[in-house]
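User: I'm new to this structure and would like to know how its labels are earned. Could you take me through it?

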Amino acid sequence: MTDSNTISFIRRLDRQELWLVLRTQIAEYNHHRLLHLGFIFSLAIATSTLLCILVLNHASKLQYHQANAQLTSPIGFYIVAEQGGRVTKSDFANLRRQGFTQITPVLTFRKHLANGKRLKFVAIDMLALSIANPAQYNHQAVLLTKAHLASLAIDVDIDPGVKSELSLADNTVIPIVLTTSEQWGRVALVDIALAWQLFPQQIDFSALMVAPLSEQHKQDLESALPTHLSLNEPWSYQERSGFADALHLNLMALAVLGFIVSMFIAFQAGEQAWHKRAELAMQLRLLGVALNTIKLAMLLEALFLVLVASIVGVLIAVALVTVLLPLLGLTFSQLYSLNMSGHFTWQWRYALWALLISSVAVLLALIKQFKRISTAHVTLSASEVTVRFPRRATLAVAVSLLLLFSWWPEHSWYQIMLKYGMLLIASVALLPHFLQGLLCLSGICFKFLGLHYFQLNAFRMDYIVKDASNQIGRRYLPLAAFYLALTTSIAAALMVHSFEGAFVRFLDQQLSADLLIRYHPGQKQSVETWLQNNRDIDEYILHQHTWAKSADDSVKVSSYQSSRQIDSLLLKSSSIKATPGCFINEQLALKRQLVVDQVINLRQGEQQYSCYIQGIYYEYGYPGFSLTLDTQQANSLFSGWVYSGIGVYFNPGSVIDKHVVSRALGLADDQIYEPAQVKKIALEVFAQTFVLTRLIAVILLVIACFGLFLSANGLELARKADLYILSSLGYSKRELFVHMLMQWCLLTVGCVLLSWPIATILANALVSQALPASFGWSMPLMFNVGSFAISSIFGLLFLLPALSIPLFKLNLRSDR
């Protein structure tokens with residue numbers, strides 16, 4: 001035989017051997033369909049869990065950045081006049097003559113429409129904008145967005161780019177054009193020259209807009225301002241992105257935890273599905289199949305698993321993202337006024353992410369089996385060897401992680417999450433030892449109760465406990481997955497409940513007034529006169545604020561004139577001294593590392609002020625820095641006050657309808673607010689914000705219970721020999737079912753008991769450490785039995801059918 005023929009013959013033998021091994025693997029899939037389908041599905045779930053959040057974060061960030069780019073204001077500062085005053089044309093001309101060319105005038109006013117609604121006009125110099133971007137700006141017409149026009153309920157048909165006309169309540173006819181620019185919000189944007197032409201009664205300016213300046217130019221501008229003008233720094237949309245970033249980080253933490261839970265299940269499913277692979281590999285080796293051929297077949301099978309897990313995982317992830325992304329878009333729309341479509345757009349990078357995740361999942365799930373089967377000593381690994389659970393190793397891992405947990409720093413969000421992640425993994429390592437002790441205690445209790453109170457079969461109860469103790473090692477992985485999911489769900493429920501309780505308390509105190517009235521310049525005197533002469537009104541409080549600097553941070557300075565305003569502050573800590581001072585919000589205290597009885601320094605322009613910190617209060621409705629002090633002291637220290645409105649308190653038993661107040665004062669409906677309605681809307685936004693956290697926690701529980709279903713089906717089937725022995729000793733099928741179900745219930749109840757204290761520690765870390773590191777504020781942890789009970793009962797409700805179905809089927813098929 002020639003060399004070429006020999007090589008060809010060897011290659012045919014190699015292909016035949018490979019086909020033989022592949023047919024053996026296919027036969028294994030056919031023979032144990034449920035096990036292998038569960039294994040594949042668990043890999044797909046592991047892929048989809050992490051892929052879903054990666055895609056969700058990426059897609060939402062893209063939409064967020066697009067919307068934020070449209071909404072980010074190019075304005076660095078505002079020059080405003082004192083309350084009731086205007087910025088005159090001579091003020092603007094003087095500043096321009098001094099070389100401040102970055103200043104642009106702005107005029108704001110409101111007009112009534114024919115249907116009673118009020119339209120806010122913002123007038124700026126639009127000549128340059130209309131030349132640079134004529135598709136969005138037109139200096140010869142009033143610009144309205146399509147959404148804004150629809151909200152005004154105006155019966156006008158207008159096409160984009162086509163000029164139309166709109167009549168106001170005073171019969172003034174204005175030209176209008178639709179624009180796609182949402183940078184200025186829901187206002188009617190108009191060129192300032194056109195505004196003076198259409199509304200000749202409008203004179204001077206409302207404010208001057210200033211482009212971002214260097215610190216030196218800003219100081220020069222502040223020095224050049226006359227005494228009746230002040231420089232204010234607006235709140236930027238960029239500062240609001242902290243909430244989005246924190247939400248992304250929290251979702252990513254849950255996704256990683258979900259991947260870990262899924263991998264516990266996938267590893268257990270791989271152990272069961274490939275239980276006899278070592279024996280089959282040994283038989284193939286005895287038949288003369290080369291080890292490299294077995295390795296190649298295993299590699300092909302692994303590639304098949306990666307491909308299938310990627311495809312199924314992508315389908316599940318796309319379904320989840322399609323549902324979750326609009327919810328996230330709605331949350332950003334309500335919190336930030338960001339116009340996010342919420343529609344999912346597929347990108348090819350997502351497929352690469354899926355392949356990478358599924359490859360890691362397959363490698364982690366089968367690395368032990370690959371090592372066992374591909375070794376040349378496969379005959380030894382296929383022999384019957386009793387494998388003991390590594391109790392000392394798990395205890396050593398737990399102690400090491402706890403020591404590392406006590407040493408780990410907690411300066412940033414990432415460090416805090418890693419620190420308490422170590423605690424969670426340490427509790428997983430301690431889980432078998434906790435279950436062992438709990439079963440020992442349960443055995444003692446069963447003996448005591450059986451002998452003294454109930455007529456229990458002492459032998460059978462003792463055997464249930466001892467048999468369950470011996471099965472901890474075999475059932476550890478699915479129990480650990482269930483424990484992780486349950487602990488996470490309880491911690492998330494506690495965090496949401498704490499946030500909801502603190503938020504409701506905050507709203508109750510902030511919205512304690514019966515009515516809130518906002519007015520425009522010129523209406524203040526008439527509003528106060530009506531309130532003073534109305535006998536149904538107990539008290540009214542003027543809300544005012546100005547701006548100052550603490551180091552390089554802008555601080556919103558508010559004043560209080562009534563004890564009701566002090567009571568409306570949700571205090572985190574307060575001073576026991578009677579020294580008069582000021583109150584600061586928690587965001588400022590955390591940023592500057594301030595506590596009560598310390599001194600805080602402020603400056604406004606060239607003026608410097610100091611006050612003792614009398615208290616620190618929670619402020620969930622404002623993400624910036626704020627300070628509150630007595631009105632008499634505040635008016636003598638600060639200038640540039642802006643009056644935001646009046647809080648009205650009725651006499652006991654008196655109720656005044658907002659429409660009556662509106663007609664009496666000649667105010668628009670949107671100038672009078674009922675705090676109860678504002679509170680309702682705020683709570684609805686809150687509920688939608690955390691729906692993702694709740695939903696992902698539920699998904700984790702479902703995944704864990706699915707793993708218990710697979711494990712109960714496979715692990716109990718592997719115990720047929722033991723069950724036949726029990727059957728021969730007199731156990732009926734019903735008694736066998738009760739025997740195994742009680743064992744699983746004892747172990748899962750142990751998981752529930754350990755999850756409660758660990759979940760409490762995690763929830764406390766979230767609200768007191770992780771939230772300040774990511775949001776800038778904290779909240780007190782509020783315990784709620786429902787948070788423990790609902791999550792535990794919900795998990796057990798999933799658990800019972802997951803265990804009952806395979807156990808019941810097993811006992812029906814087991815013959816005595």
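Analyst: Happy to! Let's start with strands: two of them pair if DSSP finds at least two bridges between them. Strands (E, at least two residues) and helices (H or I, at least four) are DSSP runs, numbered from the N terminus. This is a predicted model, in which local features need pLDDT of at least 70 and side-chain atom pairs count only at pLDDT 80 or more, while totals for chains, interfaces and linings use all residues. Residues are numbered from 1 along each chain as its sequence is written, and side-chain values use heavy atoms, with hydrogens and water left out.

User: What makes β12 and β17 a pair, and in which sense do they run, parallel or antiparallel?

Analyst: Strand β12 and strand β17 (residues 625–630) share six bridges in the parallel sense. Pairing asks for at least two bridges, so these strands qualify. Within this pair, Ser-559 stands opposite Leu-629 in β17.

User: How does β11 join in, and what lies between β11 and β12?

Analyst: Strand β11 (residues 537–550) pairs with β12 in the antiparallel sense, also over six bridges. Lys-549, for example, has Ser-554 of β12 as its bridge partner. The two strands form a hairpin with two residues between them, and Ala-551 in the turn has a positive phi of about 60 degrees.

User: Why is β12 called largely enclosed?

Analyst: Buried means under 20% relative accessible area, exposed over 50%, and partly exposed in between (1.4 Å probe, protein chains only). Seven of the eight residues of β12 (residues 553–560) are buried, so the strand is largely enclosed by the rest of the structure. For the protein as a whole, 49% of the 816 residues count as buried.

User: How do you know that there is a disulfide, and which residues form it?

Analyst: The test is a pair of cysteine sulfur atoms within 2.5 Å. Cys-582 and Cys-611 have their sulfurs 2.2 Å apart, so the pair meets the rule. By this rule the count comes to one disulfide. Cys-582 sits in strand β14 and Cys-611 in strand β16 (residues 607–618), so the pair links distant parts of the chain, 29 residues apart.

User: Why is this disulfide called right-handed?

Analyst: The torsion about the S-S bond of Cys-582 and Cys-611 is about 70 degrees, so the disulfide is right-handed.

User: Are the cysteines buried or exposed?

Analyst: With a relative accessible area of 0%, Cys-582 is buried. Cys-611 has 9%, which still counts as buried. Elsewhere, Cys-751 is buried at 0%, whereas Cys-745, at 26%, is partly exposed.

User: What makes a nonpolar core, and which residues touch the most other members of the largest one?

Analyst: A nonpolar core is a set of buried Ala, Val, Leu, Ile, Met, Phe, Trp, Tyr and Cys residues joined through side-chain atoms within 4.5 Å. The largest has 69 residues, of which Leu-431, Phe-482, Tyr-620 and Met-779 touch the most other members. Several helices each supply at least two of its residues, including α8 (237–273), α14 (413–452) and α16 (476–510). The largest share, 20 residues, comes from α16. Apart from this core lies another, of 41 residues, among them Met-298, Ala-354, Ala-361 and Ile-696.

User: What does α16 itself look like, and how many of its residues are buried?

Analyst: Helix α16 is mostly covered, with 27 of its 35 residues buried. Its span from first C-alpha to last is 50 Å, close to the expected 51 Å; the expected value is 1.5 Å times one less than the number of residues.

User: Why is Ala-46 called buried, and which residues is Ala-46 in contact with?

Analyst: Ala-46 has a relative accessible area of 0%, so the label buried fits. Contact means heavy atoms within 4.5 Å. Leaving aside neighbours within four places in sequence, Ala-46, which lies in helix α2 (residues 33–71), is in contact with Phe-259, Ser-262, Met-263, Ile-357 and Ala-361.

User: Which elements have the lowest and the highest mean pLDDT?

Analyst: pLDDT is the predictor's confidence in each residue, from 0 to 100. Helix α12 (residues 378–381) has the lowest mean, 50, and strand β14 (residues 582–585) the highest, 91. Over residues 381–386 the pLDDT is below 50. Where pLDDT is low, the predicted coordinates should not be read in detail. For the whole protein the mean is 76, and 78% of residues reach 70 or more.
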